[in-house]
Amino acid sequence: MNKLTEEEITFYMNEAIKEAEFAKMIDEVPIGAVVVHDGQIIGRGHNLREHSQDATTHAEVLAITEACAFLNSWRLWDCQLFVTIEPCLMCSGTIINSQLPAVFFGARDPKAGAVRSLYTVLEDSRLNHQVEVVEGIQSEQAAQLMKTFFKEIRQRRKKTK
């Protein structure tokens with residue numbers, strides 16, 4: 001894996017946060033992701049489940065799909081994924097199957113996280129591929145986006161009752 005500087009890591013996570021903010025603006029759960037290859041963002045994604053009514057349109061899956069198309073390969077060997085919130089089981093499976101070597105994420109997801117919170121799928125030695133995991137990048141900002149989003153939803157629901 002290419003070693004990234006702290007400045008690069010912060011830059012790419014900020015790009016993932018921009019994706020999460022876009023998701024929030026369109027009333028989607030504010031999770032964003034980017035895939036980086038040779039210092040270039042080649043895949044972007046933010047949650048689109050509500051708009052697409054497709055359970056698979058998570059930020060990570062969309063960013064990985066775009067990166068695979070860019071490289072014309074399902075193998076993302078020389079890439080890194082940056083995502084604002086800890087990936088779920090589905091996204092972790094996609095990360096493993098695309099053979100990404102490294103994932104950087106912001107905040108943990110205690111209800112669905114499959115990287116640290118509920119499972120450690122990406123580092124499971126029983127699988128044919130393991131992923132280097134770096135957590136806590138811009139974690140407060142990523143967590144705050146989620147907290148604000150769900151607080152606003154609860155407030156809207158109260159008003160409609």
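## A buried glutamate without a salt bridge

Glu 86 is buried (under 20% relative accessible area, with exposed meaning over 50% and partly exposed in between; 1.4 Å probe, protein chains only). Glu 86 nonetheless has no salt bridge, and Arg 108, the nearest side chain of opposite charge, lies 5.3 Å away. A salt bridge here needs a side-chain nitrogen of Lys or Arg within 4 Å of a carboxyl oxygen of Asp or Glu. On charge, Lys and Arg count as positive, Asp and Glu as negative; His and the chain ends are left uncounted.

This is a predicted model: local features need pLDDT of at least 70, side-chain atom pairs count only at pLDDT 80 or more, and totals for chains, interfaces and linings use all residues. Residues are numbered from 1 along each chain as its sequence is written, and side-chain values use heavy atoms, without hydrogens or water.

## Partners of Glu 86

Glu 86 sits in the loop between β3 (79-85) and α4 (89-97). Helices (H or I, at least four residues) and strands (E, at least two) are DSSP runs, numbered from the N terminus.

The Glu 86 side chain makes a 2.6 Å polar contact with the side chain of Ser 117. It also reaches the backbone nitrogen of Asp 109 at 2.8 Å. A polar contact is a pair of N or O atoms within 3.5 Å; within protein, one must be able to donate a hydrogen and the other to accept it, and residues adjacent in sequence count only if both atoms are side-chain atoms. Beyond four places in sequence, Glu 86 has contacts (heavy atoms within 4.5 Å) that include Phe 105, Ala 107, Gly 113 and Val 115.

## Two positive phi values

Asn 72 has phi near 55 degrees, positive although the residue is not glycine. Asn 72 lies in the loop between α3 (59-71) and β3. Asn 72 is exposed, at 72% relative accessible area.

Gln 99 has phi near 60 degrees, again positive in a residue other than glycine. Its loop runs between α4 and β4 (102-107). Gln 99 counts as buried, at 18% relative accessibility.

## Ala 67 in helix α3

Ala 67 belongs to helix α3. Its relative accessible area is 0%, so Ala 67 is buried. Leaving out residues up to four places away in sequence, Ala 67 touches Val 35, Ile 42, Gly 43 and Leu 76. Arg 154 is 87 residues from Ala 67 in sequence and 35 Å away in space, C-alpha to C-alpha.
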